[in-house]
Amino acid sequence: MNFIRNTIAVLVGLGIAGLIITLGIRVFPQWITFEAFAPFEHWQRFLYSMKGDSAFFGFLLFISGLGSTIGGVATALIVKYAKVAYAILIGFIMLFIAMLDVIIFPYHPTFYKISIFLTFFPFSWIGGKIVEVIYERNKKKRIAEKMNKK
């Protein structure tokens, strides 16, 4: 049962991260060069239209980090054990997808290619730590309440 729960948690975390990236790209109307809701259907054409726009790739790094954090939080909330490890798994999968993106499509600037390694793991780790800290505080609070009742 834990395997199914953990698998669902990872899929939910990845879905939330993808949704945040999609919504982040849609924030600026000048970046919308596609008909569909998500830019991923025509990603090559979209990246070609953004070639040379350093502000877009910087924002894409930021929004990817934010998506990894929130996806890591969602995953850590759903899994029962090893919350930080599963949040980091979200970062690893996102990094793998970003590396494939950089390898397949040659339109990324150099700073983006380097910065993806510094973005996904730390941000997803932060997401897992947020949940872990909250759970530890609640656990200590419950123990203190039990001690005070006696």
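This passage describes the helices, the nonpolar core and selected contacts of a predicted model. Local features are reported at pLDDT of at least 70 and side-chain atom pairs only at pLDDT 80 or more, whereas totals for chains, interfaces and linings use all residues. Residues are numbered from 1 along each chain as its sequence is written, and side-chain values use heavy atoms, without hydrogens and water.

The largest nonpolar core (buried Ala, Val, Leu, Ile, Met, Phe, Trp, Tyr and Cys residues joined through side-chain atoms within 4.5 Å) contains 25 residues. Those with the most contacts inside this core are I25, L47, F56, F57, L60, Y112 and I116. At least two core residues come from each of α1 (2-26), α2 (43-50), α3 (54-78), α4 (83-104) and α5 (110-149); helices are DSSP runs of H or I, at least four residues, numbered from the N terminus. Beyond neighbours within four places in sequence, Y112 is in contact (heavy atoms within 4.5 Å) with F57, L60, L61, D101 and V102.

W43 lies in helix α2 and, at 12% relative accessibility, counts as buried (under 20% relative accessible area, 1.4 Å probe, protein chains only). With the same exclusion of sequence neighbours within four places, W43 contacts I25, D101 and F105. The C-alpha atoms of W43 and F105 are 8.8 Å apart, although 62 residues separate the two along the chain.

The axes of α4 and α5, fitted to C-alpha atoms over the stretch in contact, come within 8 Å and cross at roughly 160°. The two helices are therefore roughly antiparallel (over 145 degrees between N-to-C directions, on a range from 0 to 180).

Note on methods:
Buried means under 20% relative accessible area, exposed over 50%, partly exposed in between (1.4 Å probe, protein chains only). Angles under 35 degrees count as roughly parallel, over 145 as roughly antiparallel, 65 to 115 as roughly perpendicular and the rest as oblique.
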